[in-house]
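Dear colleague,

Please find below the structure that I am handing over to you. My findings follow directly after it, arranged by element.

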Amino acid sequence: TRLHMLVLEQNQLGEEGMRPIVQALADGALPMLRDLQLYENGLGDGFCAALAAALACPARVLPALAILNLSRNRVTSQGVAALAAALSRGALPHLTTLDLSDNDIDGAGIEALAETGRQGLRALETLYIQSQSGGSAASLEALAGALENGAFPALRELWPPGHWQHPSAARLATACAARGITRGVGCV
């Protein structure tokens, strides 16, 4: 099909409601899709695991996807880790925007994303991970270290977890400044 954008925002589809869609994607449906908006659907970690499994064949599953919005979906670090593993293996090579904001991602999830930035997500320009419980010193340090070591080479805009007054914010701010990465308003 020629569908380029699919918006399923605020439908509270849940994992069960998304199952047929994930299966269709795994079967190679929507190869031209560039923008997938799943904001506020109560998808959770099960959806992330199912999507990650579907992404095992990156040449066939969402090969053109540039924007993925999973904000406000009760995703935790477990779901992010599953998704991060698929992204590290080369899934979604054209992804330029990833929105995981307003979920329940703790420090381990932020650290998994930082590691993914070292291995995959070469085209990612914008990363939204604000409003998380993961604004810990360790996760901010991991994110700063990843940026300092060249992770997310195309990144231009970061909406990090935590608050700009967090003690670990200085290193992240410095890493962003050194790379010309804009930080989201009200963020670290």
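In this predicted model, helix α1 covers residues 14-26, 13 residues in total. From its first C-alpha to its last, α1 reaches 18 Å, which is close to the 18 Å expected at 1.5 Å a residue. The helix nevertheless has a bend of about 35°, located at P20. Five positions of α1 are buried, namely G14, M18, V22, L25 and A26. The partner against which the buried residues of α1 pack is α2, residues 44-54. Just after α1, G28 adopts a positive phi of about 95°.

Turning to the sheet, seven strands form an open arrangement in the order β1-β2-β3-β4-β5-β6-β7, and their pairing is parallel. The edges are taken by β1 (5-7) and β7 (182-183); each has a single partner strand, so one side of each lacks a neighbour in the sheet. Within the sheet, β3 (residues 67-69) pairs with β4 (residues 97-99) in the parallel sense, over three bridges. In this pair, L68 stands opposite L98 of β4.

These two leucines also appear in the nonpolar core. The largest such core comprises 53 residues, and L68 and L98 are among those with the most contacts inside it, together with F47, L92, L147, F152 and L158. Helices α1, α2, α3 (77-88), α4 (107-119), α5 and α6 (169-179) each contribute at least two residues to this core. As general background, nonpolar side chains in soluble globular proteins tend to be buried together.

The surroundings of L98 may be of particular interest to you. Leaving aside neighbours within four places in sequence, L98 is in contact with L68, L87, L113, L124, T126, L127 and Y128. L68 is thus both the residue opposite L98 across the strand pair and one of the contacts of L98.

A further residue to record is E141, which lies in helix α5 (residues 137-148). Is E141 buried, exposed or partly exposed? Its relative accessible area is 31%. Because buried means under 20% and exposed means over 50%, E141 counts as partly exposed. Apart from neighbours within four places in sequence, E141 is in contact with S168 and R171. The C-alpha atoms of E141 and P93 are separated by 26 Å, the two residues being 48 residues apart along the chain.

With kind regards

Definitions and conventions:
Residues numbered from 1 in each chain as written. Predicted model: local features only at pLDDT ≥ 70, side-chain atom pairs only at ≥ 80, totals over all residues. Heavy atoms only, no water. Helix = DSSP H or I, 4+ residues; strand = E, 2+ residues; numbered from the N terminus. Expected span 1.5 Å × (residues − 1). Bend = angle between axes of the 7 residues up to and from the residue. Buried < 20%, exposed > 50% of the residue type's maximum accessible area, 1.4 Å probe, protein only. Contact = heavy atoms within 4.5 Å. Pairing = 2+ DSSP bridges. Core = buried A, V, L, I, M, F, W, Y, C linked by side-chain atoms within 4.5 Å.
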